Amino acid sequence: MGKITIFSRKKYFISLVCAFFCTFLAFSVVDDASLVQGFESYRNGDWPSATIFLRKAVTSPQNSTPEAWYMLVMSQMYSEDFSQALTDCNTFEDMFPESSLVPYVQYQKGRALHFLNRNDSAVLVLSDFCHQNPSNELYPSALFWIAECFYDDYNYDSARALYEKIVAEYAGSAKALEAKSRLEDIVQHDREEKLLYLLKMTGEEYLSSRENYEKQLKEYQTESVVTLRRQLTEAQERIAELEKEVLEVSQSSSYVPSATVAQEPGEDRVSHAEEILALKNKALRIKILLDEKSAK
């Protein structure tokens, strides 16, 4: 929106200044060609030329009037020479503190500050304007530019309140449609912020879930290693136990087979040998698994 709509009330200001100038001509004898040329350039919308002629005209004491200075300020605002317009607004206030044009110059000063990105100062100047001129036709426009200062500084809550006030209480003003459009922009911004927040939260939940998964996986792997080591120890102990029994049987000279089962001499040793072999194979597999887990 910004500068694209900065001069939406251009016709109003031109007619206003022309009226002032005509009043000035009615009570003055103008023999300075630069003032006349400045007025004609202003009326034709030739802002660079108007600025040049009016700047020259106001150097003459008889042409240094509130009306001429105000036209100079407006020419610079239309030319977007905000820095020089601000300087001339200050000059105007110093030279003509009692002029009826002071509120209009104050309003332009606030806008110039805004477009120079001096929003804090702009808010102060425009707020003073509103406080001092509640019935002025530029009051809703001043509210709009205050809101724009807040908007540019990302203070959307303060900006929203002023835009809503303009739409609700000054629906017929020149800034009502722009204020409504800004409210739509803020709504869109809020939606985008909520979406970003949700995406952020979803991302954090994902990371949290991933961390929990990795933690549980690590715990499971740790438990698995402990279990495998226990099984390996048990298998090794059982192997040692069986090998001891086989050795004792082979060394015993008083071996007597069981009375309930017909056994050939050495059958226990064969059974133990098979179990020992199976346990050794199991222990080997466990050791391989442990080595694989240790390598991860």
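Leaving aside residues up to four places away in sequence, Leu 183 touches Arg 160, Tyr 163, Glu 164 and Val 167. That is a handy way into this predicted model. Leu 183 itself sits in helix α10, which runs over residues 176–251. With a relative accessible area of 17%, Leu 183 falls under the 20% cut-off and so counts as buried. Another residue to look at here is Ala 161: its C-alpha atom is 9.4 Å from that of Leu 183, with the two positions 22 residues apart in sequence.

On the other side of these contacts is helix α9, residues 156–169. Its length checks out nicely: 14 residues at 1.5 Å a residue should span 20 Å, and the end C-alpha atoms are indeed 20 Å apart. The buried residues of α9 are Tyr 156, Ala 159, Leu 162, Tyr 163 and Ile 166. They take up an arc of only 130° around the axis, so they sit on the same side of α9. As a rule, an α-helix has 3.6 residues a turn, so residues three or four places apart point the same way. Turned away from the buried side of α9 is a face that carries the exposed residues Asp 157 and Ala 168.

Tyr 163 turns up again when it comes to the core. The largest nonpolar core has 55 residues, and Tyr 163 is among those with the most contacts inside it, along with Tyr 42, Tyr 70, Phe 92, Tyr 107 and Cys 130. Apart from this core lies another one, of seven residues, including Leu 232, Ala 235, Ile 239 and Leu 242.

Tyr 42, also on that list of core residues, leads to helix α2. In α2 the buried residues are Ser 34, Leu 35, Gly 38, Phe 39, Ser 41 and Tyr 42. Looking down the axis of α2, these buried residues stay within an arc of 165°, so they line one face of the helix. Val 36 belongs to α2 too, which covers residues 33–43, but at 36% relative accessibility Val 36 is partly exposed. The C-alpha atom of Val 36 is 8.7 Å from that of Leu 54, a residue 18 positions away along the chain. After α2 comes Gly 45, with a positive phi near 75°.

Stepping back, the chain has eleven helices and zero strands. Read from the N terminus, its elements go α-α-α-α-α-α-α-α-α-α-α. Of the 296 residues, 38% count as buried. Among contacts in the chain with a separation of 6 or more, 59% are between residues 24 or more positions apart. The chain exposes about 17700 Å², and carbon and sulfur atoms supply 54% of that area.

A word on the cysteines is in order. A disulfide is a covalent bond between the sulfur atoms of two cysteines. Taking sulfur atoms within 2.5 Å as the cut-off, the count comes to zero disulfides. As for burial, Cys 89 has 0% relative accessibility and therefore counts as buried. Cys 149 is buried as well, with a relative accessible area of 0%.

Definitions and conventions. Residues are numbered from 1 along each chain as its sequence is written. This is a predicted model: local features need pLDDT of at least 70, side-chain atom pairs count only at pLDDT 80 or more; totals for chains, interfaces and linings use all residues. Side-chain values use heavy atoms; hydrogens and water are left out. Buried means under 20% relative accessible area, exposed over 50%, partly exposed in between (1.4 Å probe, protein chains only). Helices (H or I, at least four residues) and strands (E, at least two) are DSSP runs, numbered from the N terminus. The expected span of a helix is 1.5 Å times one less than its number of residues. The arc is that of the directions from the helix axis to the C-beta atoms. Contact means heavy atoms within 4.5 Å. Accessible areas come from the Shrake-Rupley method with a 1.4 Å probe; for residues, only the protein chains shown count as cover. A nonpolar core is a set of buried Ala, Val, Leu, Ile, Met, Phe, Trp, Tyr and Cys residues joined through side-chain atoms within 4.5 Å.
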